[in-house]
Amino acid sequence: MEAIFLPKSWNVDQILEDLDQHGFTLIDDAYPHNYIQALVAECTANLNHFRDAAIQSGVMTKIRNDHILWINEDLEHAQQHIDTLKLLSQQLNRHFYLGIKEVEAHFACYNAGEFYALHRDNPQQKNDRVISTVYYLHEDWQADWGGELRLQDKNEQWHTIQPKPNRIALFQSDLLHEVIQAKQQRLSITAWLRSGQNIF
Ligand code: OGA
Ligand code: MN
């Protein structure tokens, strides 16, 4: 098995400081080009296996209408991203005593017109999601294509985050956020760093 290291573009000190000050951070240019290509190929080859994302309230009012595919060991490139997030989790645990033990992830595809309404990933601390991460893996994104992540930081300031290719948005799972309706196909991996059963 290949040794896994945190990519050089991941500035751990900055990540820790941003999380401490704002409860969220952005990692741009997260991965090298050859890895992105492999990941995009793996994602698009599996698009026909994506299923409607589950959360709905009531019969007709949808909270989200994107499509997802849970990631397991068969998706080897996506798995490498999860392994990298596990390494980062060790640093977060060391610094903030977060007790992260597990990473759970799915690909998500928002086709034109799809969105995810205002929500928290860990409402009332009902699950063990501690940190949420979203990696954007479409190859291009223009400012007028919608699909922004709107996030309220821990100081209650709102941020509008472009889903820039090769960017990771990382935030406390208890923060309020939404995905604005996309006008083009928007591809991502959402991964949650969880304090669940021990896997390290
Ligand atoms: C989620 C989510 C944000 C995004 O999957 O829970 O809020 O920018 N995603 O895709
Ligand atoms: Mn969310």
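Start your tour by selecting Leu98, which sits in the loop between H3 and S4. Those labels come from DSSP runs numbered from the N terminus, with helices (H or I) of at least four residues and strands (E) of at least two. What you have open is a predicted model, in which local features need pLDDT of at least 70 and side-chain atom pairs count only at pLDDT 80 or more, while totals for chains, interfaces and linings use all residues. Residues are numbered from 1 along each chain as its sequence is written, chains are lettered from A and ligands numbered from 1 in the order in which they are written, and side-chain values use heavy atoms, with hydrogens and water left out.

**Stop 1: around Leu98**

With a relative accessibility of 26%, Leu98 counts as partly exposed. On this scale, buried is under 20% relative accessible area, exposed is over 50%, and partly exposed is in between (1.4 Å probe, protein chains only). Now show what Leu98 touches: Leu92, Asn93, Val130, Ile131 and Ser195, leaving out residues up to four places away in sequence. A contact here means heavy atoms within 4.5 Å. Add Leu193 to the view: Leu98 and Leu193 are 95 residues apart in sequence, yet their C-alpha atoms are 9.6 Å apart in space.

From there, hop to Asn93, one of the residues that Leu98 touches. Asn93 belongs to helix H3. Is Asn93 buried or exposed? Its relative accessible area is 18%, so Asn93 is buried. Look for a polar atom of the Asn93 side chain, 2.7 Å from the backbone nitrogen of Ile100. (A polar contact is a pair of N or O atoms within 3.5 Å; within protein, one must be able to donate a hydrogen and the other to accept it, and residues adjacent in sequence count only if both atoms are side-chain atoms.)

**Stop 2: Leu6 and helix H1**

Next, go to Leu6, in the segment before H1. Leu6 is partly exposed, at 21% relative accessibility. Beyond its neighbours within four places in sequence, Leu6 is in contact with Val12, Thr84, Leu87 and Leu88. Measure across to Leu88 if you like: the C-alpha atoms of Leu6 and Leu88 are separated by 7.2 Å, with their positions 82 residues apart along the chain.

Now colour H1, residues 12-22, where Val12, Ile15, Leu16, Asp18 and Leu19 are buried. Turn the view to look down the axis of H1: these buried residues fall within an arc of 165 degrees, so they line one face of the helix. (The arc is that of the directions from the helix axis to the C-beta atoms.) Strand S1 (24-27), H3, S6 and strand S9 (168-172) are included in what covers them. Just after H1, pick out Gly23, which has a positive phi of about 80 degrees.

**Stop 3: helix H2**

Select residues 33-45 for helix H2. How far apart are its end C-alpha atoms? They are 18 Å apart, which agrees with the 18 Å that 13 residues should span at 1.5 Å a residue. (The expected span is 1.5 Å times one less than the number of residues.)

Tyr35, Ile36, Leu39, Val40, Glu42 and Cys43 are the buried residues in H2. They cover an arc of only 160 degrees around the axis, which puts them on the same side of H2. An α-helix has 3.6 residues a turn, so residues three or four places apart point the same way. Trace what the buried residues of H2 pack against: helix H3 (76-96), strand S4 (102-110), S6 and strand S11 (186-194). Flip to the other side of H2 and you'll find His33, Asn34 and Ala45 exposed.

**Stop 4: the manganese ion and ligand 1**

Select ligand 2, the manganese ion. Which residues are its protein donors? They are His119 (NE2), Asp121 (OD) and His177 (NE2), lying 2.1 to 2.2 Å from the ion. Donors are N, O and S atoms within 2.8 Å of the metal (3.2 Å for Na, K and Ca); water is not among the atoms, so sites may look incomplete. Along the chain, the donors follow the spacing H-x1-D-x55-H. Asp121 lies in the loop between strand S5 (116-119) and strand S6 (129-136), and His177 in strand S10 (residues 177-179), so the pair ties together parts that are 56 residues apart in sequence.

Click through the donors:

- His119, in strand S5, is buried at 10% relative accessible area, and its side chain reaches the backbone oxygen of Ala117 at 2.8 Å.
- Asp121 is buried, at 7%, and an N or O atom of its side chain is 3.2 Å from an oxygen atom of ligand 1.
- His177 is buried, at 4%, with a polar side-chain atom 2.9 Å from an oxygen atom of ligand 1.

Finish with ligand 1, where the residues around it include Tyr116, Val134, Leu149 and Trp192 (near means a heavy atom within 4 Å). Zoom in on Arg186 too: an N or O atom in its side chain is 2.7 Å from an oxygen atom of ligand 1.
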